[in-house]
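Q: Please take a close look at one part of this structure, the small sheet at its N-terminal end. Then carry on to the ligand site and whatever else can be described strand by strand.

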Amino acid sequence: MPKIIDAKVIVTSPGRNFVTLKIITDEGVYGLGDATLNGRELSVASYLQDHVIPCLIGRDAHRIEDIWQYLYKGAYWRRGPVTMSAIAAVDTALWDIKGKIAGLPVYQLLGGASRESVMVYGHANGTTIEDTVKTALEYQAQGYKAIRIQCGVPGMASTYGVSKDKYFYEPADADLPTENVWNTSKYLRIVPELFKAAREALGWDVHLLHDIHHRLTPIEAGRLGKDLEQYRPFWLEDATPAENQEAFKLIRQHTTTPLAVGEIFNSIHDCRELIENQLIDYIRATVVHAGGISHLRKIANLADLYQVRTGCHGATDLSPVCMAAALHFDLSVPNFGVQEYMRHTPETDAVFPHAYSFADGAMHPGEAPGLGVDIDEDLAAKYEYNRAFLPVNRLEDGTMFNW
Ligand SMILES: O=C(O)C(=O)C[C@H](O)[C@H](O)CO
Ligand SMILES: [Mg+2]
């Protein structure tokens with residue numbers, strides 16, 4: 001058996017913070033797992049360092065499911081983003097080790113490829129509708145078959161999904177949280193105009209997506225979904241906060257626009273009712289925040305019973321280690337829908353050399369054994385951790401709101 005003899009947490013910041021777990025076995029084979037929780041990075045690093053790694057030493061690295069159960073059930077305190085990101089990192093690293101020992105890419109261990117490659121969507125954002133459409137046209141020219149469109153709202157200084165840099169959107173932008181201001185009526189007026197302009201410029205052969213980022217009430221989301229139906233969106237994401245899963249019934253009663261939810265979910269219990277009641281069309285839970293490849297497969301299996309497809313989160317705060325794991329998962333699951341893909345900066349790519357590639361609007365994890373991603377520890381050590389927070393959001397009268 002490959003025995004775990006050591007594990008370390010590597011925190012690096014090549015432009016943004018990433019937390020990586022490296023598990024080392026007595027046979028010299030090591031595995032990597034992403035443990036990055038945007039804006040709360042050091043909490044997961046501490047959870048791993050202080051509470052998880054001591055329990056890993058001496059265990060059989062092949063016993064992935066048993067180690068998952070040990071960490072989940074054994075902690076007594078279940079679920080939550082910090083715990084589940086830590087468990088995800090261990091799980092991902094163990095799949096990497098198993099693949100390396102078997103001499104096979106992880107997707108082969110998950111049942112093999114269910115498709116040739118996985119469709120990804122890119123982010124087009126701009127301060128105006130014209131800027132966004134221009135960027136979306138650039139994505140289309142690069143071969144993207146699916147594009148998320150977000151634009152600034154007239155009369156509001158900033159809004160979700162719109163950044164200074166049109167390619168590298170980075171929400172965790174300051175040492176203390178930035179404060180944004182929000183106005184729902186202004187937003188609800190602009191989005192149908194954005195979709196109209198996008199369809200006129202891009203045509204109908206490209207999928208258009210939009211992220212509401214938890215900012216509407218169910219009835220407002222129903223109205224927006226209805227207004228957008230004529231433009232055939234691929235999905236509306238995070239229409240309303242999902243703590244109350246019942247709330248999606250109200251949206252469903254009013255629109256046939258497909259709904260996606262789940263990037264902040266960390267367990268199958270967060271989405272069970274949404275899936276079983278067919279209140280969503282895409283589940284966005286991802287490897288790093290939802291307990292790793294093993295737990296995400298359980299979510300995907302449940303979703304498959306109800307014709308709900310996967311649409312994993314893939315923003316830049318998910319490291320290349322998570323991106324690689326997501327691509328192996330996407331390639332193997334029968335009910336794959338789409339994968340989010342935001343390019344990392346060249347500095348990040350240099351710290352995490354990887355085998356995955358992009359061509360013609362789709363990605364492939366590559367054929368390297370394991371996940372096919374590594375970490376250059378010397379380079380990583382040159383980029384020190386920088387505290388960074390996600391923004392907060394207030395209504396114009398000062399009321400604290402959803403971000
Ligand atoms: O990529 C998305 O859909 C997001 O909503 C991005 C998130 O705000 C970001 O990953 C938070 O860390
Ligand atoms: Mg989102």
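A: One definition comes first: an angle here runs from 0 to 180 degrees and is taken between N-to-C directions, along axes fitted to C-alpha atoms. The model is a predicted one.

Start with the sheet. It is open, with 3 strands in the order S1-S2-S3. The pairing is antiparallel. Strand S1 (4-12) and strand S3 (30-34) form the edges, and each of them pairs on one side only. From one strand to the next, the twist averages 20°.

Now the pairing of S1 with strand S2 (residues 18-25). The two run antiparallel and are joined by 8 bridges. Two pairs can be picked out. Ala-7 sits opposite Ile-23 of S2. Thr-12 has Phe-18 of S2 as its bridge partner. The hairpin of S1 and S2 has 5 residues between the strands. Gly-15 in this hairpin takes a positive phi near 100°. As a general point, strands of a sheet pair through backbone hydrogen bonds.

What lies across this sheet? Helix H1 (residues 41-56) lies across S1 and S2. H1 runs at about 175° to S1. By the definition above, that angle is between N-to-C directions, so the helix and S1 point in nearly opposite directions.

Next, ligand 1. There are 15 residues around ligand 1. Asn-38, Tyr-160, Glu-263, Asp-317 and Glu-340 come nearest. Several side chains make polar approaches to its oxygen atoms. For Asn-38, an N or O atom of the side chain is 2.8 Å from an oxygen atom of ligand 1. For His-213, the corresponding distance is 2.9 Å. Glu-263 places a polar side-chain atom 2.7 Å from an oxygen atom of ligand 1. On its own, ligand 1 has 330 Å² of accessible area, and the protein covers 94% of this.

Glu-263 leads on to the metal. Which residues supply the protein donors of the magnesium ion (ligand 2)? They are Asp-211 (OD), Glu-237 (OE) and Glu-263 (OE). The donors lie 2.0 to 2.2 Å from the ion. Their spacing in sequence is D-x25-E-x25-E. Asp-211 belongs to strand S7 (residues 207-211), while Glu-263 is in the loop between strand S9 (259-261) and helix H9 (272-276), so this pair ties together parts 52 residues apart in sequence. Glu-263 thus serves twice: as a magnesium donor and as a polar contact of ligand 1.

A second open sheet makes a useful companion to the first. It has 3 strands in the order S6-S15-S16, and its pairing is mixed. Its edge strands are strand S6 (179-182) and strand S16 (400-401), each pairing on one side only.

The mixture can be followed strand by strand. S6 and strand S15 (residues 392-395) run parallel and are joined by 4 bridges. Val-181 has Arg-394 in S15 as its bridge partner. Trp-182 stands opposite Leu-395 in S15. S15 and S16 run antiparallel, with 2 bridges between them. Here Arg-394 stands opposite Met-400 in S16. Arg-394 therefore has a partner in S6, namely Val-181, and another in S16, namely Met-400; strands can pair either parallel or antiparallel.

The hairpin of S15 and S16 has 4 residues between the strands. In this hairpin, Gly-398 takes a positive phi near 100°. In the hairpin of S1 and S2, Gly-15 takes a positive phi near 100°.

Note on methods:
Residues numbered from 1 in each chain as written. Chains lettered and ligands numbered in written order. Predicted model: local features only at pLDDT ≥ 70, side-chain atom pairs only at ≥ 80, totals over all residues. Heavy atoms only, no water. Pairing = 2+ DSSP bridges. Contact = heavy atoms within 4.5 Å. Near = heavy atom within 4 Å. Polar contact = N/O pair within 3.5 Å; in protein donor to acceptor, adjacent residues only side chain to side chain. Areas by Shrake-Rupley, 256 points an atom, 1.4 Å probe, with all protein chains shown as cover. Donors = N, O, S within 2.8 Å, 3.2 Å for Na, K, Ca; no water.
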